[in-house]
Structure formats: structure tokens, C-alpha cells
Amino acid sequence: MANNQSVRRHLDAFTRGRIIGKLRKAAVRLHGGGLFARRPVRCVPLTPAHRRRRSLWCREHRNWRDNEWGRVFFTDEIRFSLSSDSHRILIWRERGSRNHPSNIIERDKYGGHGVLVWGGIMLGSRTDLHIFDAGSVNGTCYCNEILLSYVRLFRGAMGLQFLFMDDNAPCHRTVAAEQLLESEDVERMDWPERSPDLNPIQHVCNFLGRRLAAHTLPPVMIRELRLALQDEWAAMPQQLIDTLILSMGRRCETCLAVRGDHISY
């Protein structure tokens with residue numbers, strides 16, 4: 001019986017070795033043909049109406065000058081997860097085809113145990129990174145923790161040239177939020193739905209994610225994740241933020257070139 005088990009283990013190891021060898025050879029052939037193993041891009045779903053609205057917005061803003069983008073206060077909420085990324089599916093694709101429809105996974109929600117953060121950026125400045133204790137945000141929370149605590153202060157410092165950007169999330173568009181912004185004389189930027197790829201703060205947060213992944217000991221507890229995020233946000237070069245904001249004109253041109261579809265910025 002023991003001998004039979006030993007033989008089976010040997011055969012299993014031999015079979016695994018052959019499979020791994022074949023996979024490696026296949027990968028070499030694909031790589032030689034100009035294909036590379038990459039994670040598929042995850043994007044929110046876009047309807048034809050969304051694409052038309054994105055194109056219209058980009059046509060309206062494609063010729064904005066740097067000083068016009070410099071008055072915009074870009075904001076968003078981003079969720080960071082403790083979940084490992086090691087089990088994500090890889091696809092084989094050519095260089096430069098990252099945003100081809102066949103290489104995109106459209107998804108509205110992203111799971112994983114983690115924290116929800118909010119941040120705001122401008123040319124030459126940024127807010128502190130705000131972490132929601134509840135792990136989510138509703139209209140009341142948005143008014144009290146964000147609009148009153150951050151947006152109002154930046155509006156006071158900037159004056160009438162201040163232009164506030166947030167997206168069309170339900171918590172952003174409550175009656176209470178609209179009334180508060182009106183009472184504080186805050187001008188809100190019109191923003192196309194489902195357009196995180198046009199928002200430079202998304203790419204700031206991508207940078208944060210890469211910085212966290214580069215840690216020798218990545219966070220494994222929520223408290224560690226919160227502290228690491230705040231440290232990396234504070235250490236981020238302002239030049240990186242400014243460069244991303246000043247890429248808005250190119251983003252608009254790129255979005256127009258693909259007729260309102262997803263862009264790679």
C-alpha cells in the first residue's frame with residue numbers, strides 16, 4: 001500500500017512537471033509573438049449615452065488652459081482592500097492594447113475587506129487623506145465630513161475662482177449637499193457620469209496602491225492599512241499631482257479619439 005502511494009505521488013509530481021514545462025514553453029512562444037501576460041483592466045460599464053456625454057464634455061474642455069485646470073478642486077472616494085491580488089486572472093495581450101474592449105472587465109462594484117478614503121487635489125495643494133470610520137458614506141456623512149470640513153475651507157482660501165469637482169454618486173447629489181454648496185457659494189463643476197478615468201485623483205490613488213504593494217511587509221490589519229495610506233499620501237510628491245492635473249487636456253483629446261470610450265490615463 002505504501003509503495004502504491006509513493007508511485008502515485010511520483011506520477012503526480014511528474015505530471016505537474018510536464019504541465020508546467022508545457023505552460024512555460026507556451027508562454028515563451030506567446031511572448032515571442034508580441035503577447036504579454038497582464039491583468040485585464042477593470043472599468044465601470046459604459047452605455048452609448050455615457051460615451052456621448054463623455055465626448056461632449058471633452059469637446060467642451062479640450063482647449064482649457066493650465067490656469068483654468070488650476071482652479072479645479074478634484075475629489076473622489078476610493079476603496080483600498082486588504083485582499084491579495086495574487087489570484088486575479090491574467091490575459092495575454094499585445095503592447096498598447098490595454099484599453100481594447102476585449103481586454104476590459106466592466107464592473108460596478110469592487111469587493112474586499114478594507115477602508116474607504118476621500119481626498120482632494122489641486123495644483124500646488126492637496127487635502128489630508130480622509131478615512132471614513134463607517135467604511136461607507138451617505139449624504140449626511142458627505143456633508144459633515146467632507147463638504148464642511150474640507151471643501152468649504154478650500155473655497156474660502158481660493159475665493160470665487162474655486163471650482164469644485166465631484167462625481168455623480170448618490171451621496172454627492174442629495175438635496176442637503178446641493179443646498180450646502182449653494183449656501184457656501186461653491187461652484188460645482190459639471191461632470192460626466194461613469195468617468196473615473198478622466199479624474200486625475202484616480203491615478204493618484206493608483207500610485208498609492210502601488211506604493212502599498214511595494215512594502216516589504218504589506219498591511220494585513222485595517223489599522224495598519226489606514227496608517228500606511230496616510231503616510232504614503234503625505235509623502236507623495238506634489239509634482240506628481242500637478243503633472244496629473246495638467247494632463248487633463250490630453251485626457252480629453254484621447255477620450256475624443258476613442259469616441260467617449262475608456263481611456264488609459
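**Exercise 1.** In which helix is Arg226 found? Characterise its exposure and its contacts.

*Solution.* The model is predicted: local features require pLDDT of at least 70, side-chain atom pairs count only at pLDDT 80 or more, and totals for chains, interfaces and linings use all residues. Residues are numbered from 1 along each chain as its sequence is written, and side-chain values use heavy atoms, with hydrogens and water left out.

Step 1. Arg226 is found in helix H7; helices (H or I, at least four residues) and strands (E, at least two) are DSSP runs numbered from the N terminus.

Step 2. The relative accessibility of Arg226 is 25%, which counts as partly exposed. The scale sets buried at under 20% relative accessible area, exposed at over 50% and partly exposed in between, with a 1.4 Å probe and protein chains only.

Step 3. Leaving aside neighbours within four places in sequence, Arg226 is in contact (heavy atoms within 4.5 Å) with Val115, Ile131, Phe132 and Asp133. Val115 lies 111 residues from Arg226 in sequence, yet the two C-alpha atoms are 7.4 Å apart.

**Exercise 2.** Describe the largest nonpolar core and the surroundings of Trp57.

*Solution.* Step 1. A nonpolar core is a set of buried Ala, Val, Leu, Ile, Met, Phe, Trp, Tyr and Cys residues joined through side-chain atoms within 4.5 Å. The largest has 35 residues, and those with the most contacts inside it are Trp57, Trp69, Phe74, Phe80 and Leu229.

Step 2. Two or more residues each come from helix H2 (48–61), strand E3 (72–81), strand E6 (114–122), strand E9 (163–165), helix H6 (200–213), helix H7 (222–235), helix H8 (238–245) and helix H9 (248–257). H6 gives the most, with 5 residues.

Step 3. Not counting residues up to four places away in sequence, Trp57 touches Trp69, Met189, Asp190, Trp191, Pro192, Leu198, Met248 and Cys252.

Step 4. A second, separate core has 19 residues, including Phe73, Ala177, Leu180 and Leu181.

**Exercise 3.** Classify the aromatic pairs Trp69–Phe74 and Phe73–Phe154.

*Solution.* Step 1. Rings of Phe, Tyr and Trp (its six-membered ring) pair if their centres lie within 6.5 Å; planes under 30 degrees apart count as stacked, over 60 as edge-to-face and the rest as tilted. By this rule there are 9 aromatic pairs.

Step 2. The ring centres of Trp69 and Phe74 are 6.4 Å apart and the planes meet at 25°, so this pair is stacked. Both Trp69 and Phe74 are buried.

Step 3. Phe73 and Phe154 are also stacked, at 4.7 Å centre to centre and 20° between the planes. This pair links distant parts of the chain: Phe73 in strand E3 and Phe154 in helix H4 (residues 139–158) are 81 residues apart.

Step 4. Phe73 is buried at a relative accessible area of 0%, and Phe154 counts as buried at 17% relative accessibility. Ring pairs join Phe73, Trp118, Tyr150, Phe154, Phe162 and Phe164 into a cluster.

**Exercise 4.** Determine why Cys58 forms no bond to the closest cysteine sulfur.

*Solution.* Step 1. A disulfide is a pair of cysteine sulfur atoms within 2.5 Å, and a search of the whole structure finds 0.

Step 2. The closest cysteine sulfur to that of Cys58 belongs to Cys255; the separation is 3.8 Å, which is too far for a bond.

Step 3. Cys252 is likewise in no disulfide, the nearest cysteine sulfur being that of Cys58, 4.2 Å away. Cys58 is buried at 0% relative accessibility, and Cys252 is buried at 0% as well.

**Exercise 5.** Establish how the buried residues of H8 are arranged, then examine Ser247.

*Solution.* Step 1. The buried residues of H8 are Gln238, Ile241, Asp242, Leu244 and Ile245. Seen down the helix axis, they fall within an arc of 160°, so they line one face of H8; the arc is that of the directions from the helix axis to the C-beta atoms.

Step 2. These residues pack against helix H3 (66–69), E3, E6, strand E7 (125–126), H6 and H9.

Step 3. Ser247 is found in the loop between H8 and H9 and counts as buried at 3% relative accessibility. A polar contact of 2.8 Å joins the side chains of Ser247 and Arg251. Such a contact is a pair of N or O atoms within 3.5 Å; within protein, one must be able to donate a hydrogen and the other to accept it, and residues adjacent in sequence count only if both atoms are side-chain atoms.
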